[in-house]
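Here is a walk through one protein model, with pockets, charged pairs and backbone oddities along the way. Keep the 3D view open as you read.

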Amino acid sequence: MVTKIIDGKQIAEAIRQQLKKEVAELSTQHIIPGLGVILVGDDPASRSYVTAKEKACGEMGIYSRDHRLSSDTTEEELIELVNSLNIDPAIHGILVQLPLPAHIDEKKVLETIVPEKDVDGFSPINVGRMVLGQKTFLPCTPHGVLKLLEYSNILTEGKHVVIVGRSNIVGKPLANMLIQKSSSGNATVTVCHSRTRDIGAMTRQADIVIAAVGSPALITKDMVKEGAVVIDVGVNRVTDPSRKRGFRLCGDVDFDSLVGHVSHLTPVPGGVGPLTITMLLFNTIESAKAAGE
Ligand code: NAP
């Protein structure tokens with residue numbers, strides 16, 4: 001079987017070209033979408049995510065305001081900053097990069113962001129709206145997965161989707177999106193996690209397997225039926241002395257063994273990743289549009 005490798009960079013670029021037109025249209029109404037980005041501490045992975053997000057904003061014509069705070073920032077100081085962004089008319093979206101240092105209550109900080117600026121879609125109000133199928137900001141990574149499927153002409157209606165992973169940022173919202181009565185939903189969804197007894201028995205039944213675990217090469221060829229679609233959300237660093245930086249990135253799927261066995265497959269990097277930032281830009285622009293109405 002010929003396996004189509006889904007090019008996430010190309011799909012992200014196609015969406016970004018469309019978004020650029022929307023930003024240009026907004027500028028004729030003197031509206032510049034604005035994103036407030038908060039990073040606490042100096043975790044290298046978080047720093048590189050935040051830098052990538054700010055770069056993407058710059059390329060799109062979105063104003064981004066960078067708040068890089070030291071790791072000893074108090075919860076009160078952080079909440080005060082979020083509150084100031086909540087009422088700042090130049091800011092349409094607020095992004096607090098996770099994880100936060102242990103002394104700060106992540107839940108409390110995220111709940112401080114007003115739902116109208118919660119472009120990550122993590123607040124209980126926006127999650128509730130998503131579950132009810134109401135208009136809201138959809139969490140970026142699961143929304144990106146739906147876009148990958150849509151742009152690859154993979155229909156979900158009537159399909160059995162097996163998601164491995166039940167986190168609040170990927171697995172749970174994705175399962176909810178896929179069961180919505182909508183053109184990007186209407187799937188039958190099974191969600192597996194660390195307490196699932198026989199993951200292979202579940203994934204072998206799937207038309208579409210989505211892995212969001214954080215475990216290198218967990219999904220192997222024998223766990224996937226021939227001709228299935230496989231989306232790999234996982235991003236793992238594995239030691240590789242042959243690389244200058246001493247590691248390489250890989251997903252949760254044993255990529256090489258699935259080539260020739262499945263119909264569609266996403267690579268890591270270059271699959272889901274580029275869509276995550278793109279959908280953040282999408283949400284920020286939607287928020288700016290709503291503020292201008
Ligand atoms: P997470 O919060 O750590 O959740 C992992 C999930 O996998 C949990 O539900 C866990 O089950 C389950 N799990 C762990 N080991 C398992 C096993 N052996 N078998 C079955 N299920 C298992 O992770 P996350 O934030 O969802 O992220 C998942 C992966 O996606 C990570 O590699 C992350 O880096 C990546 N990611 C990528 C993007 C992107 O833009 N490409 C964005 C977000 C995340 P329990 O609930 O039972 O513990």
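Which element gives the largest share of the lining of the second largest pocket? That would be α10, with seven residues.

## What you're looking at

This is a predicted model, so local features need pLDDT of at least 70 and side-chain atom pairs count only at pLDDT 80 or more, while totals for chains, interfaces and linings use all residues. Residues are numbered from 1 along each chain as its sequence is written, and side-chain values use heavy atoms, with hydrogens and water left out.

The domain assignment splits the protein chain into domain 1 (30-114) and domain 2 (140-273); such bounds come from an automatic or database assignment. Taken over C-alpha atoms, the two domain centres are 28 Å apart. Helices (H or I, at least four residues) and strands (E, at least two) are DSSP runs, numbered from the N terminus.

## The largest pocket

A pocket here is an open set of points on a 1 Å grid over the protein atoms alone, where a 1.4 Å probe fits and protein lies on both sides within 12 Å along at least five of seven lines; lining residues have an atom within 4 Å of a point. A volume is the space filled by probe spheres set on the points, which are joined across faces, edges and corners. By that recipe the largest pocket comes out at about 1600 Å³. It has 50 lining residues, and Tyr49, Thr141, Val235, Gly273 and Thr276 lie nearest its centre. Elements giving two or more residues to this lining include α1 (8-28), α6 (140-151) and α10 (273-292), but α2 gives the most, with nine.

Because domain 1 and domain 2 both give residues to the lining, the largest pocket lies between them. Its lining has 27 nonpolar, twelve polar and eleven charged residues. In that count, Ala, Val, Leu, Ile, Met, Phe, Trp, Tyr, Cys and Pro are nonpolar, Asp, Glu, Lys and Arg are charged, and the others, Gly among them, are polar.

## The second largest pocket

Back to the pocket from the opening question. The second largest pocket holds about 770 Å³ of space. Its lining runs to 31 residues, with Lys135, Thr136, Phe137, Leu138 and Glu286 nearest the centre. Besides α10, the elements giving two or more residues are α5 (124-131) and α6.

The class split is eleven nonpolar, eleven polar and nine charged. Each of the two domains supplies at least three residues to this lining.

## Charged pairs

The structure holds 13 salt bridges, each a side-chain nitrogen of Lys or Arg within 4 Å of a carboxyl oxygen of Asp or Glu. One of them pairs lysine 55 with glutamate 59, with the closest N and O atoms 3.3 Å apart. Both sit in helix α2, four residues apart, about one turn of the helix. Accessibility sorts residues into buried (under 20% relative accessible area), exposed (over 50%) and partly exposed in between, using a 1.4 Å probe and protein chains only. Lysine 55 is exposed at 56%, and glutamate 59 is partly exposed at 45%.

Arginine 65 and aspartate 88 make another, at 2.8 Å between the closest N and O atoms. Arginine 65 lies in strand β3 (residues 63-69) and aspartate 88 in the loop between α3 (75-86) and β4, so the pair ties together parts that are 23 residues apart in sequence. Aspartate 88 is buried at 17%, while arginine 65 is partly exposed at 23%. There is also a network: Glu22, Lys135, Glu286 and Lys289 are joined by salt bridges that share partners.

## A covered helix

Is α6 mostly covered or mostly open? Mostly covered: ten of its twelve residues are buried, including Cys140, His143 and Lys147.

## Backbone oddities

Most residues other than glycine have a negative phi, and most peptide bonds are trans. Leucine 98 and proline 99 are joined by a cis peptide bond, with omega about 0°; proline 99 lies in the loop between β4 and α4 (106-112). Valine 268 and proline 269 also have a cis bond, omega about 0°, and proline 269 is in the loop between β11 (264-265) and α10.

Asparagine 153 has a positive phi, near 55°, and sits in the loop between α6 and β5 (160-164). Asparagine 153 is exposed, at 68% relative accessibility.
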